[in-house]
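Visitor: I should like to go through this structure with you, one question at a time.
Guide: Certainly; please have the sequence and the coordinates in view.

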Amino acid sequence: MKKHYLLTPGPTPIPPEVALKEALPILHHRTSEFAAIYKDVAEGLKYVFQTENEVYTVASSGTGAMEIAVTNLLSSGDEVIVASCGNFGDRWIKIAEGYGAKVISVSVEWGKVVKPAEIEKALKANPNIKAVYTTFTETSTGVVNDIKAIGEIVSKTNAVLVVDTVSGLAGQEFRTDDWKVDVVVSGSQKGFMLAPGLAFITLSDKAWKLTESSKIPKFYFDIKKYKKSYGSNKTPFTPPVTLIVALQESLRLIKEKGLENMWNDYKLLAKAARAGMKALGLKLFGEVPCNVVTSACVPAEIGDKIVKTLREKYGVSIAGGQGDLKGKIIRFAHMGYIGKADLLVGFACLEMVLTELGVNIEKGKAVAAAEEELLLERP
């Protein structure tokens, strides 16, 4: 019997308390019982997003919330800036162009981070910009963008700032209101420690004004429908009831732990993961590493073999590179319900796989390096 360890940047492991909630008898979604759960979830989401604005729950992956953030703010022909530093930043470009928006790209080489000054420069050169779209933690490369600085810049213009926090929310410090972010989107399968299937979105008053002039056709993803239903503690369409019931438990665990404590935990795990990679002689990939996933360069001839062997022989799932980085990097996640022991198991198995693939390493060195960082938390 093989035991499985998920160290992938989504989906992440699910706490037993959360998983058990999905085994309960299903509720009807138009009952007072479910309305009470939905109301509790709505308040919990505001805490995680660090916002006073309403947060809407949609039956979708995180990409659905990204699409909402395009179709409800824009009309065909509108000018937008997309600041991309990886695969998920590029997704903003594909969605925006798919709906007829004119995209001014402020893209950087994968592994680099978006420079706030470049966004400021693009805004000054293009005074008709309706929105700036970017990513918080770009898990395809393992970097984090300076959203606080970008928010300060965009807030001084007529444009709104839209940020994809699908991977970073609850894992790395993010403050929607304090950082002047107008639209934030996220998903259930990462920091929320839940199965895929729920997307979340919140909008500022500034962003709501754009929804009044948006002419892109929409029905299921019409955010006004969700706002109208919000006050009655229900969704406009049939929701994934069991996921929302489980989300209530996940939010309870997050509030019980405390967001700042969680941010500190993942920061520690990130330091341990970086130390482990360096101890193996692997070069870290990414200009400004984030705290939810660690990327490292590996020999291209064995990159895919590392991921496959770890999963098939040892039951440890990590992620490889995407796009042009396929086979060139590996990605260890430390977000959601991933803890110290999971990380140590991952590095122990990685050492064995690298040895089996002919890489000359000192066995035990990566685990020891990670342990040293983790031990710094001693009282």
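**Cavities, pocket, sheet and loops**

Guide: To begin, the second largest cavity is lined by Thr141, Gly142, Arg274, Leu284, Phe285, Pro289, Val293, Thr294 and Ser295. Please bear in mind that the model is predicted.

Visitor: Which element gives the largest share of the lining of the second largest cavity?
Guide: The lining includes Val293, Thr294 and Ser295. Strand E11 spans residues 293–297. The largest share, 3 residues, therefore belongs to a strand, namely E11.

Visitor: How do the residues lining the second largest cavity divide by class?
Guide: Gly counts as polar, so Gly142 is grouped with residues such as Thr141. The cavity itself has a volume of about 30 Å³. Its lining divides into 4 nonpolar, 4 polar and 1 charged.

Visitor: What is the volume of the largest cavity?
Guide: The structure holds 2 cavities of 30 Å³ or more. For the second largest, the volume is about 30 Å³. For the largest, the value is about 60 Å³.

Visitor: Which strand gives the largest share of the lining of the largest cavity?
Guide: Among the lining residues are Thr57, Val58 and Ala59, together with Tyr220, Tyr226 and Ile244. By class, this lining has 8 nonpolar, 3 polar and no charged residues. The largest share, 3 residues, is given by the strand at residues 55–59, E2.

Visitor: Thr235 is one of the residues lining the largest cavity; is Thr235 buried or exposed?
Guide: Thr235 lies in the loop between helix H8 (223–230) and H9. Outside the residues up to four places away in sequence, Thr235 touches Arg30, Tyr38, Thr57 and Ser229. The relative accessible area of Thr235 is 3%. Buried means under 20%, so Thr235 is buried.

Visitor: Which residue has its backbone oxygen 2.6 Å from a polar atom of the side chain of Thr235?
Guide: The lining of the largest cavity includes both Thr235 and the residue in question. The backbone oxygen that lies 2.6 Å from the Thr235 side-chain polar atom is that of Phe237.

Visitor: Which element gives the most to the lining of the largest pocket?
Guide: About 430 Å³ of space lies in the largest pocket. The elements that give two or more residues to its lining are helix H9 (241–257), helix H10 (259–279) and helix H12 (340–356). With 5 residues, the element that gives the most is H10.

Visitor: How many charged residues are in the lining of the largest pocket?
Guide: The largest pocket is lined by 19 residues, and those nearest its centre are Lys257, Asp265, Tyr266, Gly336 and Tyr337. Lys and Asp count as charged, so Lys257 and Asp265 belong to that class. Beside 10 nonpolar and 2 polar residues, the number of charged residues in the lining is 7.

Visitor: Which strands stand at the edges of the sheet in the order E11-E14-E13?
Guide: This open sheet is formed by 3 strands, with antiparallel pairing. The edge strands each have a single partner strand, so one side of each is left without a neighbour in the sheet; they are E11 (293–297) and E13 (319–320).

Visitor: Which residue in E14 stands opposite Ala319?
Guide: E13 and strand E14 (residues 329–333) pair in the antiparallel sense over 2 bridges. Opposite Ala319 in E14 stands Arg331.

Visitor: What is the relative accessible area of Thr176?
Guide: Thr176 is found in the loop between strand E8 (160–164) and strand E9 (183–187). Leaving aside neighbours within four places in sequence, Thr176 contacts Phe49, Gln50, Thr51, Val181, Val184 and Thr202. Its side chain has a polar atom 2.6 Å from the backbone oxygen of Phe49. Thr176 is buried, and its relative accessible area is 1%.

Visitor: Gln50 has a positive phi; what is its relative accessibility?
Guide: Gln50 is placed in the loop between helix H2 (32–49) and E2. Its phi is near 55°, in a residue other than glycine. Gln50 counts as partly exposed, with a relative accessibility of 24%.

Visitor: Which residues are joined by a cis peptide bond with omega of about -5°?
Guide: Most peptide bonds are trans. One partner in this cis bond, Pro11, is found in the loop between strand E1 (5–6) and helix H1 (16–21). The cis peptide bond joins Gly10 and Pro11.

Terms used
Residues are numbered from 1 along each chain as its sequence is written. This is a predicted model: local features need pLDDT of at least 70, side-chain atom pairs count only at pLDDT 80 or more; totals for chains, interfaces and linings use all residues. Side-chain values use heavy atoms; hydrogens and water are left out. Helices (H or I, at least four residues) and strands (E, at least two) are DSSP runs, numbered from the N terminus. Buried means under 20% relative accessible area, exposed over 50%, partly exposed in between (1.4 Å probe, protein chains only). Contact means heavy atoms within 4.5 Å. A polar contact is a pair of N or O atoms within 3.5 Å; within protein, one must be able to donate a hydrogen and the other to accept it, and residues adjacent in sequence count only if both atoms are side-chain atoms. On a 1 Å grid over the protein atoms alone, a cavity is a set of points where a 1.4 Å probe fits but cannot get out, and a pocket is an open set with protein on both sides within 12 Å along at least five of seven lines; lining residues have an atom within 4 Å of a point. Grid points are joined across faces, edges and corners, and a volume is the space filled by probe spheres set on the points. Two strands pair if DSSP finds at least two bridges between them.
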